[in-house]
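Visitor: Could you take me closely through one part of this model, the open sheet, and then follow its strands outward to whatever they connect with?

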Amino acid sequence: MSMIRNSLLLAAVSTALSIPAQAGDVEVLHWWTSGGEAKAAAELKSSMQKKGHTWKDFAVAGGGGDAAMTVLKSRVVSGNAPAAAQIKGPSIQEWAREGVLANMDAVAKAEKWDSVLPKVIADGLKYKGNYVAAPVNVHRVNWLWANPEAFKKAGAKLPTTWDEFFVAAEALKKAGITPVAHGGQNWQDFTTFESVALGAGGAEFYRKALVQLDPGSLKSPTMLKVLETFKKVKGYTDKNAPGRDWNLATAMVIKGEAGMQLMGDWAKGEFIAAGKVPGKDFACVAAPGTAKSYTYNVDSFVLFKLKDAANQKAQQDLAVAIMGPEFQEVFNLNKGSIPVRLDMKLDKFDECAKLSAADFGASAKSGSLVPSIAHGMAVPSAVEGAIKDVVSQFWNDDKMTAAAAMDKLAAAAKAK
Ligand code: GAL
């Protein structure tokens, strides 16, 4: 991103502190375009409109946000940043270093963010001690979504280990049902890969190999086993998986064409938007072997420095709204995630969300709460891109051995 610095300097803007109370425009970049995502995004839009501001939707389709990030970079380089953008994890720091983000400390202090946010999350939202991002939720990534009807037809049982997963997959296959709904895009491949790494390798291995990028763990018998298990999953996907969007894979489970999907709980947003009931029409269980662990993915928004005072006011209102209890409830009911605030009642939330909240707390205590790599929470974006590419190459190339993939993975982890 340093290549954009010069252009950014040209586009440098003031951060006026005295902000008159007037209506402004707020242009917000996000990638929430699937059924459940769009319903959640509409809640953000309406909360801004209620405050009299004009919402300018800057949606760039593409699950996981890769396309959105490319578009965002070119907009900022041309000196035309939106008011806010969905940015998370270490990318928050990368953008902050460019000097283009607004400081949110005034809002954060007034709204007491430090006392209502989990520390591990609050730390990631700060740059040099100041808040530069506002969080909307906590998504759990290590889930398995299943269609109970399909399982019944196949005489299969919901798996709790990877061995059981393959037994269930085999039974589903025999019953003429696609065992695993998958979308072959590299972030989706990695979403599956990291759940296998967590389940087959354990939280300690996951952290050492994929977060700390420890060479000895990246090249190890455990990694070999993880890669082999991951590749075995592919044998239970259908031939139309390459390029498929994640929500279309979820739709296969909703309709019973497929038995299960490994995906974060934005998938629940799709089931809910389709009128399905958890525990009856669909099941949410931790990905095999990961019941006591938790891969987190926190969506957050950064604000870009703007010149216009009314638009700055709209930005500040956006930050206040995002963290407000009312918004956190209604947004997350639609999105499939849980509120990021620790002081909220979950009465209106379903059993999947309640399990997520309980497991978040328990895994934080036991040391098995880990950031998602697939969703940009763990490693610098260059490393993330490089290791995702290797994992997808291995998934797609049936001639590549697990040992060769492991070597490439270790090399990619050194990408800067
Ligand atoms: C994730 C994002 C989620 C979800 C998903 C699919 O990276 O954090 O909010 O929408 O992508 O688009």
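Guide: Two strands are taken to pair if DSSP finds at least two bridges between them, and strands of a sheet pair through backbone hydrogen bonds, either parallel or antiparallel. With that in hand, and bearing in mind that this is a predicted model, one can describe an open sheet of four strands, whose order is S9-S10-S8-S11 and whose pairing is mixed. Its edges are formed by strand S9, residues 178–180, and by S11, each of which pairs on one side only. From one strand to the next, the twist averages 20°.

Let us begin at the S9 edge. Strand S9 is joined by two bridges to strand S10, residues 258–262, and the two run parallel. Here valine 180 stands opposite methionine 260 in S10.

Methionine 260 leads on to the next strand in the order, since it is also among the residues touched by leucine 144. Leucine 144 has its place in strand S8, residues 143–146, and it counts as buried because its relative accessible area is 0%, where the cut-off for that word is under 20%. Leaving out residues up to four places away in sequence, the contacts of leucine 144 include Met260, Gln261 and Leu262, and they also include Ala283, Cys284, Val285 and Ala286. Residues 258–262 make up S10 and residues 283–286 make up S11, so that this one side chain can be placed between its partners in the strand order S9-S10-S8-S11. Pro159, Phe165 and Ala287 are touched by leucine 144 as well. As for leucine 158, it is 14 residues from leucine 144 in sequence, and the two C-alpha atoms are 9.2 Å apart in space.

Cys284, named among those contacts, takes us to the other edge of the sheet and to the one disulfide that the structure holds. Cysteine 284 forms this disulfide with cysteine 352, the sulfur atoms lying 2.2 Å apart. The link joins distant parts of the chain, with cysteine 284 in strand S11 and cysteine 352 in helix H18, residues 351–366, at a separation of 68 residues. The angle about the S-S bond is -100°, and the link is left-handed. Both cysteine 284 and cysteine 352 are buried. In general terms, a disulfide is a covalent bond between the sulfur atoms of two cysteines.

Beyond the sheet, another buried residue deserves a careful look. Lysine 388 lies in helix H19, residues 381–396, and it counts as buried because its relative accessibility is 4%. A polar atom of the lysine 388 side chain lies 2.9 Å from the backbone oxygen of alanine 374, and the side chain also makes a polar contact of 2.7 Å with the side chain of glutamate 384. When neighbours within four places in sequence are set aside, lysine 388 is in contact with Asn186, Trp187, Phe190, Ile373 and Ala374.

Two further lysines may be set beside lysine 388. Lysine 112, in the loop between helix H5 (105–110) and helix H6 (113–116), counts as exposed because its relative accessibility is 55%, and its phi is near 55°, a positive value in a residue other than glycine. Lysine 128, in the loop between strand S4 (126–127) and strand S5 (130–131), counts as exposed at 71% relative accessibility, and has a positive phi of about 50° although it is not a glycine.

Definitions and conventions. Residues are numbered from 1 along each chain as its sequence is written. This is a predicted model: local features need pLDDT of at least 70, side-chain atom pairs count only at pLDDT 80 or more; totals for chains, interfaces and linings use all residues. Side-chain values use heavy atoms; hydrogens and water are left out. A disulfide is a pair of cysteine sulfur atoms within 2.5 Å. Buried means under 20% relative accessible area, exposed over 50%, partly exposed in between (1.4 Å probe, protein chains only). Axes are lines fitted to C-alpha atoms, for helices over the stretch in contact, and angles run from 0 to 180 degrees between N-to-C directions. A polar contact is a pair of N or O atoms within 3.5 Å; within protein, one must be able to donate a hydrogen and the other to accept it, and residues adjacent in sequence count only if both atoms are side-chain atoms. Contact means heavy atoms within 4.5 Å.
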